[in-house]
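Colleague: Can we go through the empty space and the ligand site? Start with how you define things.
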Amino acid sequence: MQWHPNPIERRAHASLKWSTFPENELPLWVADMDCAPPPCVNNTLNQALEHGIFGYGTEPKGFRDAWVDHLRNTHDWTIEPDWIVPVAGVVPGMRFALMAHPSIQRILTPTPAYPYFKTVPSIERRTEYPIALRRVGNILEPALTEIAQTLETLTEPAAILWCNPHNPGGTVYSKQFIETLVATASKHDTLIISDEIWADLILNDKRHIPLGLIAPTDQPTITLMAATKTFNVAGFGCAVAIIPEPKTRARYLETQIAMPHVAPLAYAVTESCLRNGWQWHSELITALQTNRDTVIEWAKSHPELEVTTGDATFLAWIESHTQTNLSERFAAKGIRLSPGTPFGSETAVRLNFGTNPATLTEALRRMDAALL
Ligand SMILES: Cc1ncc(COP(=O)(O)O)c(C=O)c1O
């Protein structure tokens, strides 16, 4: 695995991250990384080009097995292949989960949250109940009692839209946490939708506990996973909704009619990464740990900020208790981070450190200048 030495070149390829802002600005915002994916991706694409026919596709025979094997080998979670519903992305998958449950009007979301945790309930015309995450050491976590108390007060059906590992805070929730979450949801007949797209980007020795490892198979749960973040192939929209409980799965499958399907190349790329991308992945984790440590070191010279890197992801959540305009101040010095407001915090920004160390160092230097 190698960082791209000059990621500004990504502009020539209509990159959302690099093409949105002027050339003299460093964009460390949207969550993709400035590196090529594992070599197996190019091999897969070259084979497709050699074949050269790009008609309608169908799910490749090995796709489900690749997920079943990965979940068993990496996360100790044994699933049945038919629990899987392929979808063209985790965000659409989240929306399908709400579309499948029109009677669920109340949605609990951890806050701060990846912005679609707020947009999806809003466009589906549901009411959001933010569950505040507080900083404890280097992680953000909620008071579990707040989830239980919120559910106690609700008389209408509710869902918990959870994110584990958490974006933007990087929290990897413990087994005990997930057990309590599952028991609380069960007590209140509440559906849990768990976005686990970051499950394979853990940067310390914590272990990801999939929701479905803990929840009984007859409890309504929807777990959303993808290989796109892990292997830096976000442009190939492909995810899986894993739904053990048959009625919940049947409702979900109904939402798939007349929806865009996973593209053949996206299926093939995902399968090849799950099978052959792990050597690259272990090098990536080392490179991300180095960058994370650079951010932690930088944070020491800014005691006026709370910088949370958590256990996982290539994101740092930077909160100021004194300023509401961090994002604008950084932008004025040519550094574009994700503004906190869509995440539910006006005083924070999110930094994406999935870039080469030189670009990261220059970004932190500009941020220093903005904070003077
Ligand atoms: C928590 C979370 N869910 C979903 C996504 C996007 O998923 P997809 O591109 O598969 O729609 C992201 C991207 O950053 C994310 O952080």
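Modeller: On a 1 Å grid over the protein atoms alone, a cavity is a set of points where a 1.4 Å probe fits but cannot get out, while a pocket is an open set with protein on both sides within 12 Å along at least five of seven lines. Lining residues have an atom within 4 Å of a point. Grid points are joined across faces, edges and corners, and a volume is the space filled by probe spheres set on the points. This is a predicted model: local features need pLDDT of at least 70, side-chain atom pairs count only at pLDDT 80 or more, and totals for chains, interfaces and linings use all residues. Residues are numbered from 1 along each chain as its sequence is written, and side-chain values use heavy atoms, with hydrogens and water left out.

Colleague: How many cavities of 30 Å³ or more turn up?
Modeller: The search finds 2. The largest cavity holds about 40 Å³.

Colleague: What lines the largest cavity?
Modeller: Its lining includes Trp67, His70, Glu196, Ile197 and Leu274. By class, the lining has 6 nonpolar, 2 polar and 2 charged residues. Here Ala, Val, Leu, Ile, Met, Phe, Trp, Tyr, Cys and Pro count as nonpolar, Asp, Glu, Lys and Arg as charged, and the others, Gly among them, as polar.

Colleague: And the second largest cavity, what volume?
Modeller: About 30 Å³. Glu196 is in this lining, and Glu196 also lines the largest cavity.

Colleague: Switching to the ligand. Where does it sit?
Modeller: The ligand sits in the largest pocket, meaning that more than half of its atoms lie within 2 Å of the pocket's grid points. That pocket has about 790 Å³ of space. Of its 32 lining residues, Val30, Ala31, Tyr114, Tyr116 and Lys229 are the closest to its centre.

Colleague: Which polar contacts does the ligand make?
Modeller: A polar contact is a pair of N or O atoms within 3.5 Å. One ligand oxygen is 2.7 Å from a polar backbone atom of Val90. A ligand oxygen is also 3.0 Å from a polar backbone atom of Val91. A ligand nitrogen lies 2.5 Å from a side-chain N or O atom of Asp195. The protein covers 88% of the 400 Å² of accessible area that the ligand has on its own, by the Shrake-Rupley method with a 1.4 Å probe.

Colleague: Which helix gives the most to the shell?
Modeller: Helix α4, residues 90–99, with 3 residues. Helices are DSSP runs (H or I, at least four residues), numbered from the N terminus. The shell has 8 nonpolar, 2 polar and 2 charged residues, each with a heavy atom within 4 Å of the ligand.

Note on methods:
A polar contact is a pair of N or O atoms within 3.5 Å; within protein, one must be able to donate a hydrogen and the other to accept it, and residues adjacent in sequence count only if both atoms are side-chain atoms. Helices (H or I, at least four residues) and strands (E, at least two) are DSSP runs, numbered from the N terminus.
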